[in-house]
Amino acid sequence: MPNTGRCLVRGSIMPTIVQPGETLSSTHYERRSGGKGANQAVAVAKAGASVTLIGAIGSDGDWVLNGLKQVGVDVGPVIVTHDEPTGRAIIQLTPEGENCIILHRGANYATVSSDSVTSTTFSHLLIQNEIPFSSTLAALAHAHQIGATTLFNPSPMPNIQQLRELPWDELDWLIVNQGEVLTLLKAFQSDRNINTAEREPVTLETPATWPSHPEIKAAYSLLRRLHEHPAFSPRINLVCTLGGLGATALLPSGEALYVPAATLSGPVKDTTGAGDCFTGYLVAGLMEAESGGKVKMSREVAEKILQTAVEAAGVCVQRAGATESIPYRRELQSVA
Ligand code: ADP
């Protein structure tokens with residue numbers, strides 16, 4: 001059950017992402033619902049799992065709630081504040097489907113009583129970083145205490161102080177993209193107590209069965225460095241998404257896996273929300289694998305979960321929008 005903030009996505013399609021000093025007119029304007037919490041909750045629901053969203057919206061956000069309800073997200077604990085508007089994301093979108101995002105946090109930073117987390121029954125907690133960091137930490141602590149599986153998609157990336165403060169031992173899964181894993185590792189390595197040898201960049205050889213691609217090698221090396229870093233927790237399952245290259249993971253056992261991206265049937269339209277779609281499907285897969293209780297993840301089960309997640313994300317990038325582009329499970333080839 002994700003316990004996250006929520007924001008509203010405003011999408012605009014532009015000829016190119018604006019450069020410093022440049023002014024561009026958009027060719028198109030669309031209002032869509034989104035926010036990482038909402039997007040990932042929608043993905044969990046569309047993947048067929050039960051999901052409750054906790055967060056805050058402004059009094060202008062009714063239509064967002066209605067959209068979430070329609071796809072089966074339980075929004076019962078979402079509070080409506082009259083002090084702030086619903087959060088906003090201004091998304092610039094290039095014709096190639098690349099995006100650039102400006103966030104206004106709005107109601108996402110309104111006070112939400114911790115009771116809404118502690119009074120909700122859940123087995124999995126999915127958190128991002130679009131709500132106050134203290135709320136994220138409180139939810140994580142509670143989930144850990146009740147033995148729920150905890151997943152963190154650190155986006156936007158917390159600052160160095162927050163990263164050091166985070167109780168990594170309370171975390172079971174960390175889901176990052178290539179840029180995020182690099183930022184995380186750098187944050188850990190900026191610690192003055194770390195000796196110089198540990199700061200040296202190394203590119204490790206990936207397993208022989210993997211495609212020999214510099215970006216896959218780089219992500220694999222970063223995950224290994226993170227996994228082994230003394231300030232990090234080796235018990236965390238690490239997942240790194242690689243855009244059009246798919247995803248890679250490193251399990252606490254030290255086993256690594258690579259799953260290629262889905263073969264697309266058409267052009268990439270919009271990558272907004274692909275990471276959220278991937279994450280929601282990963283959580284739903286994990287919930288299925290852990291329906292009898294928390295398990296130590298095997299390589300085979302993790303691979304199956306990631307395969308479904310990349311398949312769903314592959315459908316997502318071929319459609320416009322954030323939550324609207326996330327496919328239902330019945331739309332996936334592997335299910336049909
Ligand atoms: P984020 O948006 O969080 O940075 P990524 O760009 O890594 O996330 O994309 C998340 C997932 O979406 C990838 O693991 C992949 O499965 C899928 N994806 C993204 N871009 C493409 C693409 N061009 N072709 C196929 N799949 C893609």
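**Largest pocket**

I started with the largest pocket of this predicted model. Its volume is about 1000 Å³. I then looked up the lining and found 46 residues. Asn177, Thr271, Gly273, Ala274 and Gly275 are the ones closest to the centre of this pocket.

Which elements give two or more residues to this lining? I noted four strands and four helices by name: β1 (7-13), β5 (87-93), β6 (99-104) and β9 (173-177), then α1 (36-46), α6 (178-189), α9 (274-289) and α10 (299-317). Helix α9 gives the most, with five residues. I also checked the chemistry of the lining of the largest pocket. It divides into 22 nonpolar, 19 polar and five charged residues.

**Second largest pocket**

Next I took the second largest pocket, with a volume of about 240 Å³. From α9 and α10 come at least two lining residues each. I wrote down the lining of this second pocket: Ala47, Tyr281, Ala284, Gly285, Glu288, Ala289, Val301, Lys304, Ile305, Gln307, Thr308 and Arg329. Six of these residues are nonpolar, three are polar and three are charged.

**Cavity**

How many cavities of 30 Å³ or more does the structure hold? I found one. The largest cavity has about 40 Å³ of space. Trp173, Val239, Ala249, Leu251, Leu282, Ala302, Ile305 and Leu306 line this cavity. Helix α10 supplies the largest share, three residues. I sorted the cavity lining by type and got eight nonpolar residues, no polar and no charged.

I kept a note on Ile305. Ile305 is in the lining of the second largest pocket, and Ile305 also lines the largest cavity.

**Nonpolar cores**

I turned to the largest nonpolar core, which has 48 residues. Leu68, Val73, Phe278 and Leu282 have the most contacts inside this core. At least two core residues come from each of α1, α2 (62-70), β9, β11 (247-250), β12 (256-259), α9 and α10. The biggest contribution is that of α10, with nine residues.

I also logged a second, separate core of 39 residues. Val117, Ala139, Leu140 and Tyr220 are among its members.

Leu282 turned up twice in my notes. Leu282 is one of the residues with the most contacts inside the largest core, and Leu282 lines the largest cavity.

I then followed Phe278. What does phenylalanine 278 touch, leaving aside neighbours within four places in sequence? I listed Ile175, Val239, Thr241, Ala247, Leu306, Ala309, Val310 and Ala313. Two of these names, Val239 and Leu306, are also in the lining of the largest cavity.

**Cysteines**

I searched for disulfides and counted zero. Cysteine 277 was my test case. Its nearest cysteine sulfur belongs to cysteine 316, 4.4 Å away. A disulfide needs the two sulfur atoms within 2.5 Å, so this pair does not qualify. Cysteine 277 counts as buried because its relative accessible area is 0%, under the 20% limit. I looked up cysteine 240 as well. Cysteine 240 is buried too, with a relative accessible area of 0%.

**Two residues looked up singly**

Leucine 185 sits in helix α6. Is leucine 185 buried or exposed? I found it buried, with a relative accessible area of 4%. Beyond neighbours within four places in sequence, leucine 185 is in contact with Leu222, Arg225 and Leu226. I checked the separation from leucine 222. The two residues are 37 residues apart in sequence, and their C-alpha atoms are 7.2 Å apart in space.

Serine 116 belongs to helix α3 (residues 115-118). I read a relative accessible area of 15% for serine 116, so this residue is buried under the 20% limit. Serine 116 touches Ile54 and Pro77, not counting residues up to four places away in sequence.

**Whole protein**

Last, I noted the overall counts. The protein has 10 helices and 12 strands. Of its 336 residues, 54% are buried. I also checked the contacts with a separation of 6 or more. Residues 24 or more positions apart account for 66% of these contacts.

Conventions
Residues are numbered from 1 along each chain as its sequence is written. This is a predicted model: local features need pLDDT of at least 70, side-chain atom pairs count only at pLDDT 80 or more; totals for chains, interfaces and linings use all residues. Side-chain values use heavy atoms; hydrogens and water are left out. On a 1 Å grid over the protein atoms alone, a cavity is a set of points where a 1.4 Å probe fits but cannot get out, and a pocket is an open set with protein on both sides within 12 Å along at least five of seven lines; lining residues have an atom within 4 Å of a point. Grid points are joined across faces, edges and corners, and a volume is the space filled by probe spheres set on the points. Ala, Val, Leu, Ile, Met, Phe, Trp, Tyr, Cys and Pro count as nonpolar, Asp, Glu, Lys and Arg as charged, and the others, Gly among them, as polar. A nonpolar core is a set of buried Ala, Val, Leu, Ile, Met, Phe, Trp, Tyr and Cys residues joined through side-chain atoms within 4.5 Å. Buried means under 20% relative accessible area, exposed over 50%, partly exposed in between (1.4 Å probe, protein chains only). Contact means heavy atoms within 4.5 Å.
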